Amino acid sequence: MKLLMTGNEAIARGVYEAGVKYASAYPGTPSTEILENVATYKDSILAEWAPNEKVALEASIGGSIAGARTLACMKHVGVNVAADPLFTFAYTGVNGGLVLVSADEPGMHSSQNEQDNRNYAKFAKIALFEPSTSQEAKDMLKEAYSVSEEFDTPVLYRVTTRLCHSKGIVNCSEREEVGVADYVKDVQKRVTVPAHSRNLRVKVEERLNKLRAYSNATDLNYIELNSKDIGIIASGVCYNYAKEVFKDNVSYLKLGFTNPLPDVKIKKFASKVKKIYVIEENDRFIEDQVKAMGIDVIGKDIFPYTGEMTPDVIRKVMLGEEKKTIEYNEDLVVGRPPTLCSGCPHRGFFYEIGKRKNVMVSGDIGCYSLGFASPYNALDSIVCMGASLSVGHGAQQVFNMKENNNMRVVGVLGDSTFFHTGINSLIDIAYNQSNAISVILDNRITGMTGHQQNPGTGYTLQGKEVKELDIEKLVLACGINHVRTIDPNNLKEVNDALDWALKLDEPSVIITRWPCVLKKFSKEDKEEFRGAFKQKCNVDKDLCIGCKLCIKSGCPSISFDKETKKACIEKTSCVGCEVCSQICPKQAIYKGDK
């Protein structure tokens, strides 16, 4: 059976065909669709969203110890969160095979940093695969489980944005049912107290030697001899980029298994060509190791160290050429920066907090990161998932050391991010009793990555109804005594809550509770949510004075007509949240029909 599949879909198919029994992940671009597609194989695989990446990997480790083939997948920064269990599991090895998919993002299309997670495989001393196409994404995944079990190692499976989201024809096979291996208690292998870990450390090095022999023998690493003048060493999608530019006019060493590198094949390739280029995203992962073998190669001394190594980049660097494109008048192109959707429940909060003086707003990762932009200009920092509250706590403690301090700190994060790692940060605030203000923007779903379920939605990934985690009760249980839940579309409620929190000299939490405007409502959602978006807002042209204050709400449904000098509302996108009507000083904006 042949299907057109993205890399993410192909990985999910490979998981199915490999006989995997259990999979866990936390959503994050560009990895999200992997588990969403794995979840469709309900009869064969139990797939779960975890609260964060560390928990996802730990749950998969547990499944592996119990004897099943398991999967954990996440975006590149998620591996930072999961690094603690990864490094220890690299010592203990597996029972059932375990693959950790790291979806890296050269170019930072939707990430706060750019990192090359191949370094994790070298650092943790585990096997590393890098597929180049959707077909390889499926096939190599199956081989990765064989390697995991044969060499007693977790496997890092590195893909990048272009592979995750581009499509290719994939030959699919039937599922290979792999039984659950027997569980045998083995304290020496699995209980990592120092006395045991010292012995395991030696075995890690022995395993690397065996993996190096595999790397030199496997067909995943192969030589294509076309020219004696130029050779290219490439892995992952960079191999495709190079092929697009040079086709068969140069020789290639195509690497699909990259830790340990195939030193024998690399030296053999070097003996066949006069000049070698290493093309890779983003670090000198291959280049530095090849140079350490005494082989002279050209890499990051000419190629950029950041961004995607696209065919255009390669063509310009190596050939000094640029592919012709359609010429157009760039002055006519309108900039379209990302913005909060019409009816976004975060809009009212950012509109009000952005006007506050002597307030530092510590932001987080999610749709609400857009609160930094105009017209809100409301965020002062973003670090990583769950950091807003702890960063806010530390900043508030230092501000409080200053004489005559009048600075207050507000930490802002979403419901899914709160469950991810924000809970720990809130406990830090409660325990150490700073007067930082924490705001949890509960839009009833994991919004930024495409509306995945989370512990606060009442459903699992595969649709099972579960008890909805009550954020207010959880906040109280963390030791916070001052909690308010408000409707963020009601600007008076927002302002009253901020005034209340700013007057307190103790920790406080404001929960803004209103569903994402794009959310598919569940039967548990309140009727007030369901009925709120049935009518649109309108502008009374006779009352509108053209002051443009409504434009400052940042709603993309509102514009200003330069001819009539009046505000306009686009009916097809307006959802009737009424934030704009509360801003209007002349009550010129109304909901429904007059």
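In this predicted model, six strands come together as an open sheet, running in the order 15-14-16-17-19-18, with parallel pairing. The two edge positions go to strand 15 (381-382) and strand 18 (482-486); each has a single partner strand, so one side of each is left without a neighbour in the sheet. Further in, strand 17 (residues 437-442) pairs with strand 19 (residues 508-513) in the parallel sense, and six bridges link the two. To pick out one of these contacts by residue, Leu441 has Thr512 in strand 19 as its bridge partner.

Helices pack on this sheet as well. Helix 15 (residues 387-399) touches strand 14 (359-363), strand 15, strand 16 (408-414) and strand 17, and its direction makes about 175° with that of strand 16. Helix 18 (residues 491-503) also packs on the sheet, where it touches strand 14, strand 16, strand 17, strand 18 and strand 19. The direction of helix 18 makes about 170° with that of strand 18.

Elsewhere in the chain sits helix 9. Its 24 residues (residues 194-217) should span 34 Å at 1.5 Å a residue, and the end C-alpha atoms turn out to be 35 Å apart, which agrees. A good number of positions along helix 9 are tucked away: His196, Ser197, Leu200, Val204, Arg207, Leu208, Leu211, Tyr214, Ser215 and Asn216 are buried. As for what lies over these buried residues, the cover includes helix 4 (76-92), helix 6 (134-150), helix 8 (187-190) and helix 11 (263-270), along with strand 6 (127-129) and strand 12 (257-259).

Closer to the start of the sequence, two residues are worth a look. Met74 belongs to strand 4 (residues 70-75) and is buried, its relative accessible area being 0%. Setting aside neighbours within four places in sequence, Met74 is in contact with Tyr26, Ser31, Glu53, Val79, Ala82, Leu100, Val101, Ser102 and Ala103. Met74 and Asp104 are 30 residues apart in sequence, while their C-alpha atoms are 9.0 Å apart in space. The other residue, Asn52, is placed in the loop between strand 3 (46-49) and helix 3 (53-66). Asn52 counts as buried too, at 9% relative accessibility. Beyond residues up to four places away in sequence, Asn52 touches Tyr26, Val81, His420 and Thr421. Tyr26 thus turns up among the contacts of Asn52 and among those of Met74.

Now for the cysteines. The UniProt record, an unreviewed entry, gives "binding site" for Cys544, Cys547, Cys550 and Cys584. These residues span 41 residues in sequence, yet no two of their C-alpha atoms are more than 10.4 Å apart, so they gather at one spot. Cys544, Cys547, Cys550 and Cys584 are also included in the lining of the largest cavity.

Cys544 is found in the loop between strand 20 (537-539) and strand 21 (558-561), and Cys550 lies in the loop between strand 20 and strand 21 as well. With a relative accessibility of 11%, Cys544 counts as buried, and so does Cys550 at 8%. Leaving out neighbours within four places in sequence, Cys544 is in contact with Val539, Lys566, Ala567 and Ala588. On the same terms, Cys550 touches Ile558, Ala567, Cys580, Ile583 and Ile589.

For "binding site", the unreviewed UniProt entry also lists Cys555, Cys574, Cys577 and Cys580. These residues are spread over 26 residues of sequence but cluster in space, the largest C-alpha distance being 10.7 Å. The lining of the second largest cavity includes Cys555, Cys574, Cys577 and Cys580.

Two of these can be placed in more detail. Cys574 is in the loop between strand 22 (566-569) and helix 20 (579-583), whereas Cys580 lies in helix 20 itself. Both are buried: Cys574 at 8% relative accessibility, and Cys580 with a relative accessible area of 9%. Apart from residues up to four places away in sequence, Cys574 touches Lys536, Cys537, Ser557 and Ile569. Cys580, counted in that way, is in contact with Cys537, Cys550, Ile558, Ile569 and Ile589. The contact between Cys580 and Cys550 links a residue of one annotated group to a residue of the other.

Terms used. Residues are numbered from 1 along each chain as its sequence is written. This is a predicted model: local features need pLDDT of at least 70, side-chain atom pairs count only at pLDDT 80 or more; totals for chains, interfaces and linings use all residues. Side-chain values use heavy atoms; hydrogens and water are left out. Helices (H or I, at least four residues) and strands (E, at least two) are DSSP runs, numbered from the N terminus. The expected span of a helix is 1.5 Å times one less than its number of residues. Buried means under 20% relative accessible area, exposed over 50%, partly exposed in between (1.4 Å probe, protein chains only). Contact means heavy atoms within 4.5 Å. Two strands pair if DSSP finds at least two bridges between them. Axes are lines fitted to C-alpha atoms, for helices over the stretch in contact, and angles run from 0 to 180 degrees between N-to-C directions. UniProt positions are given in the numbering used here, feature names are shortened, and annotations may be inferred rather than shown by experiment. On a 1 Å grid over the protein atoms alone, a cavity is a set of points where a 1.4 Å probe fits but cannot get out, and a pocket is an open set with protein on both sides within 12 Å along at least five of seven lines; lining residues have an atom within 4 Å of a point.
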